[in-house]
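Here is a short briefing to read with the model open beside you. It goes from the overall layout to charge pairs, then to the nonpolar residues inside and on the surface.

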Amino acid sequence: MVAADQAAKALVGSVLPVGASVPVIPGVLALTHVHNPGVAFSLLRDVPASLPAALTAVLLALLFGRPRWVPPPAQAGLAVLCGGAVGNLVDRVRIGAVVDYVDLRVWPVFNLADVAVTAGAAAVLLALAIPSSARGER
């Protein structure tokens, strides 16, 4: 996930200057190169960079520590979530902001790592919400 995210960001950076936008599906989808200093979907711009780093460290500890209360399906979601978090953290360390490029015109510009964070978090929540008996566990 991290490699794919960084490759997509490098490609966008090589073809579009920051602030440039190219329509893909006019009025619906564009590639828009922005640097996002916020935490998620351009929110919380004043949060210090140490907070996303600390949250990523906690997520990685959960992923690699494999506590008993986190079922295997949630671990898979956590792995996807961590991949996205690390992808965005690399940007924060490298340039001080996250490179975003997917512009749906009705939502803040985002990137592949944001998709992984969102999908991974949804998978974790879903896995934790399903009783272990429904998953065939004892």
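Val 24 is a handy place to begin, and it lies in strand E1. Please keep in mind that this is a predicted model. The protein around Val 24 has four helices and three strands, and from the N terminus on its elements follow the order α-β-β-α-α-β-α.

**Overall picture**

- Of the 138 residues, 33% count as buried.
- The accessible surface of the protein comes to about 7800 Å², and 73% of that area belongs to carbon and sulfur atoms.
- Counting contacts between residues at least 6 apart in sequence, 63% join residues at least 24 apart.

**The nonpolar surface patch**

- Val 24 is partly exposed, because its relative accessible area of 46% falls between the limits of 20% for buried and 50% for exposed.
- On the surface, a nonpolar patch is formed by Val 22, Val 24, Ile 25, Val 28 and Leu 31.
- Together these five residues offer about 380 Å² of accessible area.
- Strand E1, which covers residues 21–25, gives this patch its largest share, with three residues.

**Salt bridges around Lys 9**

- Side chains of opposite charge can pair when their charged atoms come close, and the structure holds four salt bridges.
- Which residues does Lys 9 pair with? One partner is Asp 5, with an N to O distance of 2.8 Å, and another is Asp 91, where the closest N and O atoms are 2.7 Å apart.
- The bridge between Asp 91 and Lys 9 links distant parts of the chain: Asp 91 sits in helix H3 (residues 72–95) and Lys 9 in helix H1, 82 residues apart.
- By contrast, Asp 5 and Lys 9 both belong to helix H1 (residues 2–15), four residues apart, or about one turn of the helix.
- Are these charged residues buried or exposed? Lys 9 is buried, with a relative accessible area of 4%, and Asp 5 counts as buried too, at 0%.
- Asp 91 is likewise buried.

**A further salt bridge, and the network**

- Arg 105 and Asp 103 also meet through their side chains in a salt bridge, at 3.2 Å from N to O.
- Here the two partners fall in separate classes: Arg 105 is partly exposed at 44% relative accessibility, whereas Asp 103 is buried at 7%.
- Salt bridges that share partners join Asp 5, Lys 9, Asp 91 and Arg 94 into one network.

**The nonpolar cores**

- In soluble globular proteins, nonpolar side chains tend to be buried together.
- In this model, the largest nonpolar core has nine residues: Leu 59, Leu 63, Val 70, Ala 74, Leu 78, Leu 81, Cys 82, Val 124 and Ala 127.
- Which elements give two or more residues to this core? They are helix H2 (50–65), H3 and helix H4 (112–129).
- H3 supplies the largest share, with four residues.
- Leu 59 shows how the core is joined up: leaving aside neighbours within four places in sequence, Leu 59 is in contact with Leu 78, Leu 81 and Cys 82.
- Apart from this core lies another one, of six residues, including Leu 16, Ala 20, Tyr 101 and Val 102.

Methods
Residues are numbered from 1 along each chain as its sequence is written. This is a predicted model: local features need pLDDT of at least 70, side-chain atom pairs count only at pLDDT 80 or more; totals for chains, interfaces and linings use all residues. Side-chain values use heavy atoms; hydrogens and water are left out. Patches are made of residues with over 30% relative accessible area and no salt bridge: like charges are joined within 9 Å, nonpolar side chains (Val, Leu, Ile, Met, Phe, Trp, Tyr) within 5 Å. Accessible areas come from the Shrake-Rupley method with a 1.4 Å probe; for residues, only the protein chains shown count as cover. Buried means under 20% relative accessible area, exposed over 50%, partly exposed in between (1.4 Å probe, protein chains only). Contact means heavy atoms within 4.5 Å. A nonpolar core is a set of buried Ala, Val, Leu, Ile, Met, Phe, Trp, Tyr and Cys residues joined through side-chain atoms within 4.5 Å.
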